[in-house]
Amino acid sequence: MKINTLGYSVKQGLKNIRRNLLFSLASIGTIVACLFLFGIFYSIVLNMEKEVESIESSLTISVFFDEGIDETRIMQIGEELKTIDNIDTINFISADKAWNMYVQDVYGGNKDYVNSVFGEDNPLMNSSSYEMTLKDISRQSDTVEKLEVIEGVRRVNSSDGTAKSLNAINRLVGYASLGVILILLCVSLFLISNTITIGISVRKEEIAIMKLIGAKDIFVRAPFLVEGVMIGLVGSIVPLGILYFMYNIMTQYLTEHFTIVANLIEFVPVGRVYTGLAPISVLLGVGVGFFGSLITTHKHLKV
């Protein structure tokens with residue numbers, strides 16, 4: 001498209017927005033609402049994913065050995081564990097270390113009291129184990145099955161219920177967010193379509209003359225495509241600005257006034273949120289505006 005033609009299309013597109021200002025504002029408002037909610041859900045999901053990753057990294061699987069197993073076989077089991085692709089870290093917990101950790105957690109490290117109750121023998125003599133974290137908690141069941149068939153393994157302790165709960169939460173939030181966004185995007189497309197239709201109706205005679213004197217379809221359609229893109233662009237920029245300040249204010253308020261929140265959650269920095277949110281929002285806004293205009297002009301510009 002030549003520069004003068006592009007300039008004409010942009011100029012006419014802006015004129016169309018002014019002519020149908022009420023409908024244009026309605027379309028922009030709907031896109032703003034849509035992408036504002038999208039930004040909220042995106043921020044929530046991103047923070048939840050961060051917390052889930054943190055919880056997942058703290059979830060461990062423990063492998064206990066058959067009674068009377070020798071040290072050589074324990075070392076061999078450790079080498080076999082390294083061959084399982086979903087295992088991230090492996091830490092050997094000796095029976096003495098396991099007992100000391102138990103005494104510290106339950107009795108506050110009061111060994112004199114513990115010795116008076118249990119004696120000096122280690123009640124967890126057969127509790128040596130390998131403690132592991134996983135790369136992907138959703139594959140925990142498959143990993144546990146591989147561990148259970150290793151020769152010399154007596155028992156595998158895992159947090160299967162916690163893993164299923166985390167996966168269920170992730171899916172629920174993802175599906176809910178997708179459903180809300182799809183509904184609002186459909187409403188945005190409808191309003192943009194109506195706005196473009198009105199613009200076409202207002203300029204119907206002018207468009208007919210342009211077609212009669214040989215104007216190409218792209219020349220006739222371009223101003224309406226520009227109109228849709230401009231509506232989508234403005235509709236995407238406004239919520240990004242609002243969300244930027246809201247996110248900073250809300251995270252700062254929650255961490256300063258709610259100690260429990262500050263202790264439980266470490267919010268994702270706003271810069272990291274906008275690294276993904278900004279391009280996605282602009283792409284969605286411009287895409288909705290462009291395709292809404294394209295569909296409408298294809299349907300109505302048969303003059």
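Good morning. I begin with a single residue, Thr133, which is located in strand 3. Please bear in mind throughout that the model is predicted. Is Thr133 buried or exposed? Its relative accessibility is 12%, and the cut-off for burial is under 20%, so Thr133 counts as buried. Its side chain also has a partner: a polar contact of 2.5 Å links the side chain of Thr133 to the side chain of Thr89.

Let me now place that residue in the whole chain. The protein chain contains 11 helices and four strands. Of its 303 residues, 38% are buried. As for the contacts between residues at least 6 apart in sequence, 84% of them join residues at least 24 apart.

I turn next to helix 3, which comprises residues 71-82. This helix has 12 residues and spans 17 Å from its first C-alpha to its last, close to the 16 Å expected at 1.5 Å a residue. At its start, a side-chain oxygen of Asp70 comes to within 3.2 Å of the backbone nitrogen of Thr72.

Which residues of helix 3 are buried? They are Arg73, Ile74, Ile77, Gly78 and Leu81. Viewed down the helix axis, these buried residues fall within an arc of 150 degrees, and therefore they line one face of helix 3. The face turned away from that buried side carries the exposed residues Thr72, Met75 and Lys82.

What do the buried residues of helix 3 pack against? Their partners are strand 1 (61-65), strand 2 (87-93), strand 3 (129-134), helix 6 (140-148) and strand 4 (153-157). Strand 3, where Thr133 is found, is thus familiar from my opening.

Helix 6, one of those partners, deserves a comment of its own. Its buried residues include Gln140, Thr143, Val144 and Leu147. Those residues cover an arc of only 100 degrees around the axis, which puts them on the same side of helix 6.

Finally, I come to the empty space in the model. The largest pocket has a volume of about 440 Å³. Its lining consists of 19 residues, and Ser43, Ile44, Asn47, Tyr247 and Phe267 are those nearest its centre. Which helices each supply at least two residues of this lining? Helix 2 (21-58), helix 7 (160-202) and helix 9 (217-257) each do so. The largest share, nine residues, comes from helix 2.

Thank you for your attention.

Key: Residues are numbered from 1 along each chain as its sequence is written. This is a predicted model: local features need pLDDT of at least 70, side-chain atom pairs count only at pLDDT 80 or more; totals for chains, interfaces and linings use all residues. Side-chain values use heavy atoms; hydrogens and water are left out. The expected span of a helix is 1.5 Å times one less than its number of residues. Buried means under 20% relative accessible area, exposed over 50%, partly exposed in between (1.4 Å probe, protein chains only). The arc is that of the directions from the helix axis to the C-beta atoms. Contact means heavy atoms within 4.5 Å. A polar contact is a pair of N or O atoms within 3.5 Å; within protein, one must be able to donate a hydrogen and the other to accept it, and residues adjacent in sequence count only if both atoms are side-chain atoms. On a 1 Å grid over the protein atoms alone, a cavity is a set of points where a 1.4 Å probe fits but cannot get out, and a pocket is an open set with protein on both sides within 12 Å along at least five of seven lines; lining residues have an atom within 4 Å of a point. Grid points are joined across faces, edges and corners, and a volume is the space filled by probe spheres set on the points.
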